[in-house]
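Biologist: Could you walk me through this model, starting from the basics?
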Amino acid sequence: MLPAAIPRIVDAATSLFYPATCVVCSANIERSQYLCGDCRGRAPRIVPPFCAKCSEPFSGAITQTFRCANCEHRTLHFDCAVAAYRSRGLVRKVLHQFKYGKQRHLRYPIAKWLGESLHDPRLRGRHFDVIVSVPLHPTRERERGFNQAALIAELLAPFAAVPMRPVLERIRYTTTQTAYDRAKRMENLRGAFRLRKKQDVRGLHVLLIDDVLTTGSTLSECARVLRRAGAVSVHAATAARA
Ligand SMILES: [Zn+2]
Ligand SMILES: [Zn+2]
C-alpha cells in the first residue's frame, strides 16, 4: 500500500538542503517547494482520455473502442506505464537540464512529478516488492556522472516504502534513440539489458522507474527481461511522458 502524500513527504525531507527560490524562474518561494506556483501551474498534466496501457493522451472524446497509435501492432511487456505529466514546455526543459545539463538538484522537482504518478488508479494501493530503475550503460553513466532514473527512484523508494535494488544492468552501449522510429528503437534495444548476477526477481511485483517515456521501448525491453527472469508483474512509472 503506497502512502497518499508522497510528494509532500519528499518536500519535507529535502527542504533543509534546498534554496528557497524557484528552480525555473528564481522567484522566491516557500522552503517546502522547488517550483513557484506559476511554474507548477505551467507543468502540463496528462488528463483523460489516455491509453490505459501506455498513457498516450488522445485528443477529443473516446467513443467505444479505440486503438492507441503508440501500442498498436506491438507487444509492450509492462502491465502499464504511468506518468502524470507530459514532457512538454517547462517539464521538458527541467528534464533536459537535469539529464544533459547535469543539474542534479533538479531531481527533487522531478521526483515530485514521478511521485504524483503513484496516485494514478492503475498504481494506487498496489503492492510492490521492489523498485528497479532503468540502468545506463556504465560508459554512459561515467560520461553523464549519474543515472538520472536511479537518482529519482532513490528519492521515491523510502516514501513508497518499497526497497530499491539494482536488479538490471545495461550491457550494450546503444546509440541515442531519439532519431529512431518505434520499430528501430525496439531492434536497437534487443539484448541491451540483463539481470545482474545474484539478483533474483522470481515471484516479485516490480515497479520500474525511468525519467521519461518516449515510445515505451526501453521500459518494455526492461520489463521483458524482468518477466523472463520470473517477475510476476512489472508496472512502470516515469516523471513524464513524451
Ligand atoms: Zn517559477
Ligand atoms: Zn498506448
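Modeller: What follows is a short tour of the fold, the metal site and one strand. This is a predicted model, in which local features need pLDDT of at least 70 and side-chain atom pairs count only at pLDDT 80 or more, while totals for chains, interfaces and linings use all residues. Residues are numbered from 1 along each chain as its sequence is written, chains are lettered from A and ligands numbered from 1 in the order in which they are written, and side-chain values use heavy atoms, leaving out hydrogens and water.

Biologist: How many helices and strands are there in the protein?
Modeller: The protein has eight helices and six strands, where helices (H or I, at least four residues) and strands (E, at least two) are DSSP runs, numbered from the N terminus.

Biologist: And what coordinates the zinc ion?
Modeller: The zinc ion (ligand 1) is held at 2.3 Å by the SG atoms of Cys22, Cys25, Cys36 and Cys39, with donors being N, O and S atoms within 2.8 Å of the metal (3.2 Å for Na, K and Ca); water is not among the atoms, so sites may look incomplete.

Biologist: Are Cys36 and Cys39 buried or exposed?
Modeller: Both Cys36 and Cys39 are buried, meaning under 20% relative accessible area, with exposed over 50% and partly exposed in between (1.4 Å probe, protein chains only).

Biologist: New topic: which strand pairs with E5?
Modeller: Strand E5 (residues 205-213) pairs with E6 in the parallel sense over eight bridges, pairing being counted if DSSP finds at least two bridges between two strands. In this pair, His205 has Ser233 of E6 as its bridge partner.

Biologist: Why is E6 largely enclosed?
Modeller: Nine of the nine residues of strand E6 (residues 233-241) are buried, so the rest of the structure largely encloses it.
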